[in-house]
Structure formats: structure tokens, C-alpha cells
Amino acid sequence: MITSKTSVVGLIGWPVSHSVSPAMHNAAFAHLGLDWAYLPLPVDLARPDAVVQAVLGLRALGLRGANVTVPHKQAVMSALDRLTPAAQAIGAVNTIFLDQDGALAGDNTDAPGFIADLREHGVAPAGLSVLVLGAGGSARAVVYGLADAGARTIVIANRTVDRAATLAAEFAPHHPGCRISAVDMDNLPAHAPQADLIVNCTALGMTPQVESSPWPEDLAFRPGQIVYDLVYSPRATRFLQQAAAADAHAIGGIGMLVWQGALAFQRWTGEAAPVAVMRQAVDAVQLPAAPEPIHPPFAGRVRRAVADNAAAIAALNRQVQALHAAAVPDFFKPPSATTFPPDFWQERLAEADVVILVAEHEGMVVGYLYADTTPAIETNSTYARPRFYIHHIGVDAAQRERGAGTALIDAAKAFARREGITLLALTTWTFNEQAVRFFTRAGFEVYNYRMWMTI
Ligand SMILES: NC(=O)c1ccc[n+]([C@@H]2O[C@H](COP(=O)([O-])OP(=O)(O)OC[C@H]3O[C@@H](n4cnc5c(N)ncnc54)[C@H](OP(=O)(O)O)[C@@H]3O)[C@@H](O)[C@H]2O)c1
């Protein structure tokens, strides 16, 4: 119930009709029983002086503060009585609050909001090498936040390289412990591999341009590299899809949105923000749909292997062995023609307890799974149960991204079920994080180097 006593805050921007901030803040006020309300305050860019008038209007109407979003984050600054050091250094304001003496002050909670979300995802910024894409308002906040939190190097890449160079030149003297430099987008291949963290601060990928991405199609992320997209609408952007397809650690911008809101909330109300409630409110908002997945799903079929498939299985197995050799070169030998040759597979195919499945696409064998169903007591302290024991699984790289590996596991489950076997098991090389991620996503439990799944 809004009355004359209700404290009002709002969002200055253009357009603001799709913003999730009103839902997020009003849920927080309701949760804490605060008589506060958060309103959209659209300020049309076309009206001269509109932003300055809007800020004066906040004071005249007795509002308790406001958020500021695109395109007014810089323009509001001149109308405020004072700026926090962060807002001053970043050169943009996203939060206006009433200071103790009644002055209108401008702060920037995007920078600490971004850092808080990184930390929540287990990423400590100190010592990191970071590649920042973009040099607009949000990039300024991200570079400031990272340099302040102890990042070791920051490379800023932007379409308009002069803008990136200006940003680097402006920030570098204030952060002597952090090497800040600028490059143009064509130089991404030279800088991407060294980056621990890559952050998209461009508007590319945002609704309605959901198919666009700042990342070139032919440039690979490193598995495990941390990839952060400030764009949060849609939630799964093309950039994040590219990162996930390369097994990078992909993080969307929703968390930053929540944290910058939580910090603004604290500025206005003096109360600790109910972050979980704010996140729930944002999660409940329906955002525009994500782009089509990059990799169309596996369109082939899985069947039992026959003797004619032995050579194709041997070739795929060499790929698996080569991955082992590349991961642990001091331990594994690079595969040779004598490593699991076609004869070996022909012999296995003739054994009654062996099950070899192949994934086939357009007449080609693109994956295989080799298992046996021999009843076995593994150790004196483990139970003897009939189990479907997977020795190897190997899938051609292109089909792996489409889910051929998952199709093989599904077929293995179906086979085991038909035979009345309720346990799938395997042993994995623990160094191979990619394999561990694959099997846990498929539903296996991990115990040290053993994995199993009850079906
Ligand atoms: N998650 C959050 O809480 C949060 C907070 C703030 C912002 N954001 C999001 O971050 C994004 C950027 O916001 P901003 O305030 O930084 O915007 P901005 O100040 O307008 O900057 C836009 C940036 O995108 C680049 N860009 C735009 N169109 C491009 C194109 N076609 N090709 C290549 N580069 C292009 C610009 O490059 P040029 O310099 O070459 O024009 C510039 O670096 C927005 O999507 C915004 O919603 C999210």
C-alpha cells in the first residue's frame, strides 16, 4: 500500500520498461517489511536538459534516491552535489543517494557488484590476467573494480581502439600494481590464451541482437578459462554458449545485476539487502529467449558394433590416447599403430561378455563405447553386483560438442536395463577434468578415480 509516508526510489534511464530492477527492489522491500517503493522513471533522451531536470525533480519530489542506467550514467553527474571516489574515478554514476546532510550524492555500485559476483562464483580477482572486451561505461567500472581488487594485468580490447587506449592511459597511473593496456579486436588471438578471465562489457549479444557475439567463431577458449558476460538478457548469450561449448567456466551477468542492486539498496535504506530474495525475484522474471544452440544436437544413431567397425574404433581410440598423452606427457606415450590396433577390437567384439556400441553419423562411425558385463568382485571391501563396466569411450571432436558421447551413455543405460543390470561403472584418470565433468553431467557419482551410476 503506497501512502504519503512511503519512501520512493526509482530507475532513471531510457528505455526502462523492460528493467527487472523494480521487481527486484520491491521484492526486497516487501521481504523486510519496509514502506518503500521502486518505480521506473523513464527520462527521454530527446528532451534537452531532461536528465538534469530529472535529478532536480528527485530532490523537489522528495525521492530517497535512484538508480541510473543507459544512457544517462555520465550525464547525471553534473547535476549531483558530490560523487564518491569510485564514481569519480569510473566517470559514471549508477546510484544516487541522499547523503547525511541532505546532499544528492552519486556512487557506482557496478564495480563492487561485479567483483562481489566474481567472488560468489569462487573467482578471486587478485593476481589474475584479464581480457576486457569493450571500453564503454560498464568496461570502466569493471576495469576499476578489477584493478582495485588486485588483478595483475588487464588488456582492454575495443572496436574503437582509441577509446580503449584512453581508458588504459587514464586508469594505469592510479593502479601501479596492475599492467593496463589496450589492443584492437583483431589482436584477440594473441591475448586470449594468456587470460585467466575474459569479460564481455560490450552490448553485443543483448536482446534483440541475440545472435551476435564479441568473440570470433574461429577463436577457441581454453577449457577451464573463466568467461563472464555482463549482458544478462538473454541469460544464455551466444558468447556464453561459445564458452560453454569449449568447456570454459561461463558466468552470466545476472549476479552482477543483483549485487549492484543490493549495494544500492544498502546505500538507500541503511539495511543489509536480502540478496537471496532479490535473486529469486530476478529469476522469476521471464527474459527473452536465448539464441539457438551453437551445435545442433547429435543427429546420428547408436548401435552395437560389428567386426567391420574395428578399424574405425581403433582410429577413435588413438584420438583418446593422444588426449591422455597431451594431458600428461611424462606419463603417457603418444599412441602408435600398435596401441589397441584393429585386431584387438576384432578379438573383443567376438567375446560374449563384451559390449561395444558405436555412434554413427551419415554412415561414419564417430564414437564408440567399450564395456564388459563380466560379473566381478572389484575388491574385498566392495559389493559384488552385476555391473556394466565401461573401459573406454571415444568420440570425434565435432560430434562430442553435439552430444554423441551422451547418446552413447544413454544407449549403454538402455542396454544395461534390458539385461537387468542396475549399475554402470568406470575408472577415470583424475587429471582429465573434462572427462570428470562429462561423466558427472551424465549422472555418475565420483569416488576418487572410480565412478558409478545406479539406474
Ligand atoms: N550485469 C549488469 O549488472 C550490467 C551492468 C552494466 C552494464 N551491463 C550491460 O553491459 C553492456 C554494455 O553496457 P555499457 O553501459 O558499457 O554500454 P556503452 O557505454 O554504450 O558501451 C558499449 C560498448 O559496446 C561496444 N559495441 C557496441 N556495439 C558494438 C558492435 N556492433 N561491435 C563491437 N562493439 C560494439 C562499444 O564499442 P565502441 O566503443 O567501439 O562503440 C562499447 O565498447 C550492456 O549490454 C549492459 O546491459 C550489465
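In this predicted model, the centres of domain 2 and domain 3, taken over C-alpha atoms, are separated by 37 Å. Where these two domains meet, the contact takes four residues from domain 2 and four residues from domain 3. On the side of domain 2 that touches domain 3, two of the residues are nonpolar, one is polar and one is charged. The domain assignment of the protein chain places residues 111-252 in domain 2 and residues 301-454 in domain 3, while domain 1 is made of two segments, 7-108 and 259-280.

It is helpful to turn next to the ligand. The ligand is surrounded by 24 residues, and the closest of them are Gly136, Ser138, Arg159, Thr202 and Gly253. By residue class, this shell holds 12 nonpolar, nine polar and three charged residues. Two helices, α5 (137-148) and α9 (254-269), each supply at least two residues of the shell.

Helix α5 also has a part in the surroundings of helix α6. Within α6 (residues 161-171), the buried residues include Ala164, Leu167, Ala168 and Phe171. These four lie on the same side of α6, because they cover an arc of only 95 degrees around the axis. Among the elements that cover the buried residues of α6 are α5, β8 (153-158) and β9 (179-184). The face of α6 turned away from this buried side carries Asp162 and Ala169, both of which are exposed.

Attention now moves to the strands. One open sheet has six strands in the order β2-β1-β3-β5-β6-β4, and its pairing is mixed. The edges of this sheet are taken by β2 (36-42) and β4 (82-83); each has a single partner strand, so one side of each is left without a neighbour in the sheet. Further inside the order given above, β5 (residues 95-98) and β6 (residues 104-107) pair in the antiparallel sense over four bridges. In this pair, Phe97 stands opposite Ala105 of β6.

A further set of paired strands can be followed from β15 to β19. Strand β15 (residues 364-372) is antiparallel to β16, with six bridges between them, and Leu369 has Ile393 of β16 as its bridge partner. Strand β16 is mostly covered, with six of its eight residues buried. Strand β16 (residues 388-395) is in turn joined to β17 by three bridges, and here the two strands run parallel. Two positions illustrate the pairing: Phe388 stands opposite Leu424 in β17, and Tyr389 has Ala425 of β17 as its bridge partner.

Strand β17 (residues 423-427) shows two contrasting faces, with Leu424 and Leu426 on the covered face and Leu423, Ala425 and Thr427 on the uncovered one. In a regular strand the side chains alternate between the two faces of the sheet. The link from β17 to β19 (residues 450-454) is made by five bridges, and these strands run antiparallel. Thr427, a residue of the uncovered face of β17, has Arg450 in β19 as its bridge partner. Strand β17 is thus paired in the parallel sense with β16 and in the antiparallel sense with β19.

Methods:
Residues numbered from 1 in each chain as written. Predicted model: local features only at pLDDT ≥ 70, side-chain atom pairs only at ≥ 80, totals over all residues. Near = placed C-beta within 6 Å. Nonpolar A, V, L, I, M, F, W, Y, C, P; charged D, E, K, R; others polar. Buried ≥ 20, exposed ≤ 12 C-beta atoms within 10 Å, placed from the backbone. Arc of directions from axis to C-beta. Contact = placed C-beta atoms within 7 Å. Domains from an automatic or database assignment. Pairing = 2+ DSSP bridges.
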